[in-house]
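This briefing introduces a protein structure to a reader who has not met it before. Please look over the sequence and the model, then read the points below.

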Amino acid sequence: MIMIILFSLGLGVAFVGTYYLSIYWVDSQAVQYSSVVIQTLNQARRFYSEDVVDRLESIKDVQVIPEYHAVSGGIPNPATFTIELGELLSNQSTGTIFRLYSNFPFPHRQATGGPQDQFERAALNYLQKHPQAAYYRKERVGDRLSFRYTEAVLMEPSCVACHNTLPSSPKKDWKVGQVRGIAEITQPLEQGLQTAQGGLKTIYLALTIIITLAMMGLGLAVGRFRTLNQELEKKVAERTAALERLATVDELTQLANRRQFDQRLEQAWKVARRLQHPLSLILCDVDYFKNYNDTYGHPAGDECLRSIAKVLDRSIRRPGEFSARYGGEEFAIVLPNVSRMDAIQIATTIQTAIHQLQIPHRSSLSHASVTLSLGIATMIPNANYSPEQLIQAADEALYQAKHQGRDRYVVWDNP
């Protein structure tokens with residue numbers, strides 16, 4: 001889930017970043033184009049001023065004035081030449097507008113030579129303070145989204161004398177380097193936006209393909225991770241079960257070990273106390289087992305214990321009953337809700353089954369085959385007794401069975 005969220009965030013950033021990159025590209029192209037066009041117009045004005053006007057001024061009857069249309073032999077001054085060149089280019093282009101305006105237009109251009117809207121006034125104000133900069137922004141002109149770009153037109157040495165001496169000049173104290181006007185180009189952005197949108201469609205298509213492939217790969221990876229996780233969980237569960245079994249089951253006999261015996265006896269005691277049912281315990285001990293090991297060896301002794309454990313395990317019939325290896329050659333059988341008489345019957349059945357095994361034991365002092373001594377104790381748990389007292393009672397009975405000659409059971413008699 002975290003990978004999917006991070007991947008989605010990354011894709012969102014990619015889409016947004018690509019979108020704004022396309023806008024930046026359109027804007028940067030518009031700025032570059034506008035700057036080149038205005039510089040071209042400025043170069044045309046300088047060329048006209050230096051290589052045309054300066055030569056013609058020495059010819060008699062040639063007048064360089066803004067109102068040249070009304071004078072025979074008149075030619076436009078550089079500013080008028082630039083204005084009319086811009087108007088000519090505007091008329092020949094589709095939607096692109098070239099303008100030259102000033103706070104001090106000549107009298108014949110009072111209506112159109114000054115700033116016409118808020119943008120042009122803002123451009124004049126900004127470029128008066130920052131004549132080397134450019135002022136531009138996007139805004140809607142008519143029904144088109146357009147890019148408006150302006151640069152300052154500075155007073156040059158060759159222009160100062162003319163503007164300060166012309167009778168029709170609205171300002172006669174110009175100095176070199178002052179901002180005498182603003183050159184503006186307004187161009188529609190539809191074509192640039194369409195180009196950018198075409199590029200975006202291609203990029204988005206590529207991103208969509210990449211996203212699809214990435215999501216498929218992510219899905220496969222997640223599926224594989226899930227399978228590996230399930231396999232790992234299964235192995236962990238198996239290992240945990242094996243460890244739990246090692247912790248609770250005696251490895252040799254596969255009966256409950258001493259730890260599990262203590263835990264389950266405590267649980268059985270609590271249930272019997274709550275229900276006021278009897279709880280019986282049988283402790284068993286293999287007679288002369290040390291002699292058996294000394295005579296037949298420890299591997300044979302282990303096999304003997306396994307055989308006895310199977311007999312004890314088969315004696316368990318009802319839920320809650322269980323047998324355990326109490327320690328060494330000692331075993332225990334816990335019998336919830338079993339009376340003393342029923343416990344005696346179970347002990348008798350165990351003894352008979354052990355006799356039927358006919359496991360030879362020539363070093364026994366009481367019988368030719370392996371036998372058991374058993375101690376039986378039964379209690380109805382209450383506040384005066386504890387599980388330890390039940391174990392002690394069964395152990396005392398077992399001790400008496402051994403003392404009385406082994407191969408027998410003794411029932412603990414509650415004093």
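Which residues does Ser 146 touch, not counting residues up to four places away in sequence? In this predicted model, Ser 146 touches Arg 137, Lys 138, Glu 139, Val 141, Thr 186, Gln 187, Pro 188 and Leu 189. The protein has 415 residues, of which 40% count as buried, and its secondary structure consists of 10 helices and 11 strands.

**Overall organisation**

- Among contacts in the protein with a separation of 6 or more, 64% are between residues 24 or more positions apart.
- The number of disulfides comes to 0.
- Two cysteines may be noted here: Cys 284 is buried, with a relative accessible area of 0%, and Cys 304 also counts as buried, at 3% relative accessibility.

**Surroundings of Ser 146**

- Ser 146 belongs to strand S5, which covers residues 144–154.
- With a relative accessibility of 4%, Ser 146 counts as buried.
- Two of the residues that Ser 146 touches, Arg 137 and Glu 139, are themselves joined by a salt bridge with an N to O distance of 3.0 Å.
- Arg 137 counts as partly exposed, at 25% relative accessibility.

**Salt bridges**

- Side chains of opposite charge can pair when their charged atoms come close.
- The structure contains 13 salt bridges.
- Lys 171 and Asp 173 form one of them through their side chains, at 2.7 Å from N to O.
- The two partners differ in exposure: Lys 171 is buried, with a relative accessible area of 16%, whereas Asp 173 counts as partly exposed at 47%.
- A further salt bridge connects the side chains of Arg 325 and Asp 250, with 3.4 Å from N to O.
- This pair links distant parts of the chain, its members being 75 residues apart. Arg 325 lies in strand S8 (residues 322–327), and Asp 250 lies in the loop between helix H5 (190–248) and helix H6 (258–275).
- Both Arg 325 and Asp 250 are buried.
- Through shared salt-bridge partners, Arg 99, Asp 117, Glu 120, Arg 137, Glu 139, Arg 148 and Glu 184 are joined into one network.

**Helix H6**

- H6 has 18 residues and, at 1.5 Å a residue, should span 26 Å; the distance of 26 Å between its end C-alpha atoms agrees with this.
- The buried residues of H6 include Gln 260, Phe 261, Leu 265, Ala 268, Trp 269 and Ala 272.
- These residues are on the same side of H6, because they cover an arc of only 165° around the axis.
- Gln 267, Lys 270 and Arg 274 are exposed on the other side of H6.
- An α-helix has 3.6 residues a turn, so residues three or four places apart point the same way.
- At the start of H6, a side-chain oxygen of Asn 257 comes to within 3.3 Å of the backbone nitrogen of Arg 259.

**Residues with positive phi**

- Most residues other than glycine have a negative phi.
- Just after H6, Gln 276 takes a positive phi of about 60°, although Gln 276 is not a glycine.
- Gln 276 is placed in the loop between H6 and strand S7 (279–286), and is partly exposed, with a relative accessible area of 44%.
- Tyr 288, likewise not a glycine, has a positive phi of about 55°.
- The loop that holds Tyr 288 runs between S7 and helix H7 (289–296).

**Surroundings of Ser 168**

- Ser 168 is located in the loop between helix H4 (157–165) and strand S6 (179–188).
- At a relative accessibility of 18%, Ser 168 counts as buried, because the limit for that class is under 20%.
- Not counting residues up to four places away in sequence, Ser 168 touches Pro 66, Glu 67, Phe 106 and Pro 107.
- Ser 168 and Pro 107 are 61 residues apart in sequence, and their C-alpha atoms are 6.8 Å apart in space.

Key. Residues are numbered from 1 along each chain as its sequence is written. This is a predicted model: local features need pLDDT of at least 70, side-chain atom pairs count only at pLDDT 80 or more; totals for chains, interfaces and linings use all residues. Side-chain values use heavy atoms; hydrogens and water are left out. A disulfide is a pair of cysteine sulfur atoms within 2.5 Å. Buried means under 20% relative accessible area, exposed over 50%, partly exposed in between (1.4 Å probe, protein chains only). A salt bridge is a side-chain nitrogen of Lys or Arg within 4 Å of a carboxyl oxygen of Asp or Glu. Helices (H or I, at least four residues) and strands (E, at least two) are DSSP runs, numbered from the N terminus. Contact means heavy atoms within 4.5 Å. The expected span of a helix is 1.5 Å times one less than its number of residues. The arc is that of the directions from the helix axis to the C-beta atoms. A polar contact is a pair of N or O atoms within 3.5 Å; within protein, one must be able to donate a hydrogen and the other to accept it, and residues adjacent in sequence count only if both atoms are side-chain atoms.
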